[in-house]
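Colleague: I would like to learn how to read pockets and buried cores in a model. Please take me through them.

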Amino acid sequence: MTTPGTALRRASAVGLALAAGLTTALAAAPAAPAATHKPADAAPTAGLGRYYQQRPHWQGCARGTDDETGRALDAAGARCADVTVPLDYSKPRGRTITVAVSRLKATDTRNRIGSLLINPGGPGGPGLGIGLLVRPTMKETGARYDLIGMDPRFTGRSTPLDCGLSSGPGLLSAGPDRAGFDRQTARAKDVAQRCRTTNGPLLPHVTTRNTARDIDVVRSVLGERKISYLGFSYGTYLGTAYTQMFPKRYDRVVLDSALDPDRYNPRLLKGADAENEKAYDDWARWTAARDSTYGLGRTRAQVRATLDDVIAASAREPLTVGTAPDVFRLDNSQVPALLFTELADETEPARASLAEHMALLARAAEGRPTTLPPAFAALMRSVFTPAGSPVASAQTAILCGDVAAPRDPETYWRDIENGRTAHPLFAPLTESITPCAFWDRPREAPVRVTHDTPALIVASTGDPRVPYTNSATLHDRLPSSRLLTLDGANQHVNYAAYGNTCIDSTVNSYLATGRLPARDRTCAK
């Protein structure tokens with residue numbers, strides 16, 4: 001079952017699957033109506049005026065009968081446009097690219113607040129349809145905003161970047177031995193070389209800083225003096241980048257499952273093993289209580305032992321799952337990756353989906369035929385086949401283009417070995433090598449916090465993708481921010497996804513009024 005919440009979480013985790021002083025809240029200044037286009041201000045840098053002052057050509061969003069996102073946007077009354085931006089902001093007269101945006105206009109025009117740009121994370125996740133997923137949770141507050149979706153540069157409908165990779169985004173496990181690690185090292189080196197060969201001139205410009213610059217162009221094109229922002233997962237780093245680079249051009253800012261900018265790097269999942277172990281244990285207990293449905297074991301330990309056996313079977317011979325045309329051969333680098341990918345969500349539908357998928361793999365390990373649910377087949381196509389190459393290419397280029405990674409493969413091997421005893425399943429995933437080890441070094445410095453931002457930071461204490469300490473640290477660095485905590489949940493992405501009334505109503509109140517909570521708040525699971 002795909003609900004708005006599950007769709008939002010998938011968008012946010014497509015590959016990654018990353019005590020404040022009390023001050024006054026951000027003032028809520030109404031934005032100008034969007035009915036008449038008027039560029040919001042002059043370009044901040046010489047030569048960028050033609051980008052900031054362009055007029056968007058709004059049109060229908062659907063591109064063909066199989067464009068589900070476009071058709072859904074059209075049905076909701078949204079309009080789409082391509083915004084032209086420079087490939088290299090230091091050379092505004094040089095090559096240009098386009099960024100695709102959607103606008104779901106406010107219906108409560110009398111009380112319109114402005115535009116709210118929403119980013120689902122990734123990195124590399126398209127965001128054109130994200131407003132459709134968030135608007136139901138926003139309730140009457142959503143009617144007061146123009147909800148803006150955006151495919152960041154080189155994702156979705158924006159100017160494409162495709163390295164011609166054989167698989168999609170996400171980590172693969174290095175497995176139990178050096179041979180598996182060496183295979184992943186060779187794969188990472190090949191990905192870097194393919195991207196350099198196919199898209200070398202573009203790669204230096206596929207960065208979070210440039211996406212933040214694109215957002216500011218979009219803000220002006222929309223006719224807004226300031227823009228509000230809602231970001232999930234990696235989208236919180238993008239939001240932090242925007243507020244730091246353009247400190248006078250944002251209104252209300254919500255950062256859900258926030259990354260600490262000082263810890264942001266290509267090894268986003270390093271150090272998250274304990275949170276993933278807890279999420280795995282809790283899911284295994286849930287599944288054990290439903291053994292009559294899934295048949296994976298009657299206790300937590302039995303469920304984990306069953307899946308250990310499945311991984312061991314895939315090491316001896318790849319598992320064959322599915323029926324034509326969706327038949328996949330999964331080895332012991334891929335089976336752990338599937339388990340890991342679906343552990344970031346502890347809602348009942350998500351837990352049931354993971355249990356169903358693991359039960360299918362258990363049957364395949366016994367040599368029994370399996371039929372894949374459409375959503376599971378789609379997930380595996382996006383992760384394990386060339387269909388996922390565009391997302392993987394963009395995600396890799398962003399991570400590698402933002403912050404340099406360790407170059408020596410032995411660094412990663414040592415980290416895997418050091419973590420293997422305590423975390424034999426997760427350390428070979430979270431500590432493994434990535435293409436960034438073989439990438440050209442970034443041209444710009446990473447984003448650092450130098451300005452206070454009165455943002456609302458939302459976090460779960462058991463987040464298995466971005467440990468809670470990231471949000472707490474960012475909160476410390478932003479004295480005017482407030483931290484909204486979901487206590488006791490193993491959840492990545494909370495607002496509009498988990499279904500917690502306390503979380504959703506607090507975010508909605510802030511977006512509606514512009515007033516942050518008087519103090520940090522904790523919501524019960």
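Colleague: Which helices each supply at least two residues of the lining of the second largest pocket?

Modeller: A pocket is an open set of points on a 1 Å grid over the protein atoms alone, where a 1.4 Å probe fits, with protein on both sides within 12 Å along at least five of seven lines; lining residues have an atom within 4 Å of a point. Helices are DSSP runs (H or I, at least four residues), numbered from the N terminus. Here α5 (178-199), α14 (389-402) and α16 (427-430) each do so, and α5 gives the largest share, 6 residues. This is a predicted model, where local features need pLDDT of at least 70, side-chain atom pairs count only at pLDDT 80 or more, and totals for chains, interfaces and linings use all residues. Residues are numbered from 1 along each chain as its sequence is written, and side-chain values use heavy atoms, with hydrogens and water left out.

Colleague: How many residues line the second largest pocket, and which lie nearest its centre?

Modeller: The lining has 33 residues, with Gly-170, Leu-171, Arg-187, Thr-396 and Pro-435 nearest the centre.

Colleague: Is Val-335 buried or exposed?

Modeller: Buried means under 20% relative accessible area, exposed over 50%, partly exposed in between (1.4 Å probe, protein chains only). Val-335 counts as buried because its relative accessibility is 3%. Val-335 is found in helix α11 (residues 335-341).

Colleague: What is Val-335 in contact with, beyond its neighbours within four places in sequence?

Modeller: Contact means heavy atoms within 4.5 Å. The partners of Val-335 are Val-310, Ile-311, Ser-314, Leu-319, Leu-330 and Leu-361.
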